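The following exercises treat burial, helices, salt bridges and contacts in a single protein chain. Each task is followed by a solution in steps.

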Amino acid sequence: MQDVRKWAESLPRLLRRHRDPVVVQTLRSATAATIAYVVALRLSPEPAPLTAPLTALLVVQVTLYATLTNGFRRVNAVVAGVLVAIAFSQLVGLTWWSLALLIVASLGVGHLVRVDEYIPEVAISAMLVLGVTTISSTAWARIVETLIGAVVGMACNLLLPPPVWVDEAGESIEGLARRLRQLMLRMGDEAAELTPWQRAAERLHEARRLDHAIVEVDAALRQAEDSLRLNPRVREGLLHRVVLRTGLDTLEICTVVLRVLARTFTDLAKAREPEPMFASDAGSAVEQLLSQIADAVVSFAVLVTTSISENAESAEARLAAELHTATGTRDKLAELLQDEIRRDDRNWQLLGAVLTEVNRMIDELDTEHRTRRLLEELDRVSSEQRAKRPPWLTGLRERIGVPEQLRRNRTGGPGRSL
């Protein structure tokens with residue numbers, strides 16, 4: 001009975017691992033490479049046609065969009081390298097100086113045929129082919145194996161759809177929001193007490209380091225955006241991409257504003273040392289306001305990353321309530337800072353900057369502001385796509401009402417429509 005209970009408890013973890021994108025991608029890559037090798041054994045004259053599984057392994061990328069583009073580029077790279085090797089074998093053969101010329105020529109040809117990151121593959125293919133004696137049969141065998149690997153890799157994406165990395169991108173966005181929240185809470189605590197300017201400067205350095213976190217989140221989001229392109233498992237991929245991208249843009253703006261606020265706190269602590277940055281009432285209001293904005297940042301991240309409409313609606317309501325409370329606290333802080341400036345106007349610029357910066361974050365997180373930003377970005381992306389499509393296809397999509405379907409409801413997480 002105890003074993004059954006343990007198995008039941010471990011079953012959800014096994015199911016989550018089964019759906020984990022890393023596990024799915026590993027199984028897809030191994031399957032594609034094995035099938036390509038088996039097919040190549042029957043069609044290639046080589047006794048060990050390892051080029052086919054190698055090509056399949058490289059072609060089966062994380063996303064279907066990357067698989068299609070990388071597949072064509074890799075085939076072009078290998079064929080170009082083989083052709084360069086055939087030309088050199090007929091002219092000069094293999095010597096140390098011909099090898100150097102071969103590498104230079106192969107890399108140059110790689111730039112001409114525009115194979116991007118596969119430019120070294122042109123030189124690798126040329127050296128492998130030139131290094132064998134039966135150049136003609138080996139060259140054609142390598143081309144055949146490359147084609148087999150590319151075809152098998154692309155076919156695996158149709159039979160075994162690639163994973164969608166939206167959840168991972170959402171976790172990265174929420175992780176960034178929580179880091180912002182923790183920094184805001186620490187800054188709020190220090191604003192309400194006597195804080196040396198050196199400690200305030202440490203918070204400034206923390207805010208600057210958040211730029212690295214934004215780069216990491218942006219990379220995860222780009223991977224998610226690619227996984228939504230040409231993926232048969234995803235509906236409304238454009239909406240998913242725009243929702244996540246505009247959400248990250250908002251958090252990036254909040255990060256920049258928070259860095260400016262940390263610089264203001266540092267300058268204020270240095271200017272008023274050995275006194276506190278704020279009077280007791282104003283310091284308590286700053287602490288309360290930053291805590292409320294920090295909670296709103298996390299609610300905003302949940303709103304843009306949730307995939308269930310009910311959760312998105314509750315997150316939107318929670319965000320609106322938190323921003324309403326933060327607006328009231330901001331108004332209270334404005335009155336307290338005005339009273340403080342009347343008593344002592346030596347640092348009125350810095351005190352005014354504090355109010356301006358917290359107000360900017362509240363405006364950026366506002367749901368109406370987000371709606372306008374999302375619609376503008378969706379219009380921009382849709383216009384770019386229409387410009388790239390043939391006129392007859394654009395007219396057909398408009399007649400069946402595809403663009404209008406993206407605007408029906410309000411904005412929310414990836415699981416909701418517009």
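A residue is called buried when its relative accessible area is under 20%, exposed when it is over 50%, and partly exposed in between (1.4 Å probe, protein chains only). The model is a predicted one, in which local features need pLDDT of at least 70 and side-chain atom pairs count only at pLDDT 80 or more, while totals for chains, interfaces and linings use all residues. Residues are numbered from 1 along each chain as its sequence is written, and side-chain values use heavy atoms, with hydrogens and water left out.

**Exercise 1. The chain as a whole**

Task: Determine how many helices and strands the protein chain has, and what percentage of its residues count as buried.

Solution.
Step 1. Helices (H or I, at least four residues) and strands (E, at least two) are DSSP runs, numbered from the N terminus. The assignment gives 16 helices and zero strands.
Step 2. The chain has 418 residues, and 46% of them count as buried.
Step 3. By the Shrake-Rupley method with a 1.4 Å probe, where for residues only the protein chains shown count as cover, the accessible surface of the chain comes to about 21,600 Å². Carbon and sulfur atoms hold 58% of this surface.
Step 4. A contact means heavy atoms within 4.5 Å. Among contacts with a separation of 6 or more, 78% are between residues 24 or more positions apart.

**Exercise 2. Salt bridges between helices**

Task: Identify which helices are joined by the salt bridge of Arg186 and Glu206, and state which residues are linked with this pair in a network.

Solution.
Step 1. A salt bridge is a side-chain nitrogen of Lys or Arg within 4 Å of a carboxyl oxygen of Asp or Glu. The structure holds 13 of them.
Step 2. In the bridge between Arg186 and Glu206, the closest N and O atoms are 2.6 Å apart. Arg186 belongs to helix H8 (residues 166-191) and Glu206 to helix H9 (residues 197-228), so the pair ties together parts 20 residues apart in sequence.
Step 3. Arg186 is partly exposed at 32% relative accessible area, whereas Glu206 is buried at 17%.
Step 4. Arg186, Glu190, Arg203 and Glu206 are linked in a network of salt bridges.
Step 5. Asp218 and Arg245 also form a salt bridge, with 2.6 Å between the closest N and O atoms. This pair links distant parts of the chain, 27 residues apart: Asp218 is in helix H9 and Arg245 in helix H10 (residues 237-272). Arg245 is buried, with a relative accessible area of 15%.

**Exercise 3. Leu248 and its surroundings**

Task: Locate Leu248, decide whether the residue is buried or exposed, and list its contacts beyond four places in sequence.

Solution.
Step 1. Leu248 is found in helix H10.
Step 2. Its relative accessible area is 1%, so Leu248 is buried.
Step 3. Apart from neighbours within four places in sequence, Leu248 is in contact with Leu176, Val217, Asp218 and Leu221.
Step 4. Leu176 is 72 residues from Leu248 in sequence, and their C-alpha atoms are 9.2 Å apart in space.

**Exercise 4. Two glutamates in helices**

Task: Establish whether Glu121 is buried or exposed, do likewise for Glu145, and find what the two residues touch.

Solution.
Step 1. Glu121 has its place in helix H6, which covers residues 119-130 and reaches 17 Å from its first C-alpha to its last. This is close to the expected 16 Å, the expected span being 1.5 Å times one less than the number of residues.
Step 2. Glu121 is buried at 9% relative accessible area. Leaving out residues up to four places away in sequence, Glu121 touches Arg74, Ala77, Val78 and Arg142.
Step 3. Glu145 lies in helix H7 (residues 135-159) and counts as buried at 3% relative accessibility.
Step 4. Outside its neighbours within four places, Glu145 is in contact with Ser44, Glu46, Pro49, Leu50, Thr51 and Ala52.
Step 5. The side chains of Glu145 and Ser44 are joined by a polar contact of 2.8 Å. Such a contact is a pair of N or O atoms within 3.5 Å; within protein, one must be able to donate a hydrogen and the other to accept it, and residues adjacent in sequence count only if both atoms are side-chain atoms.
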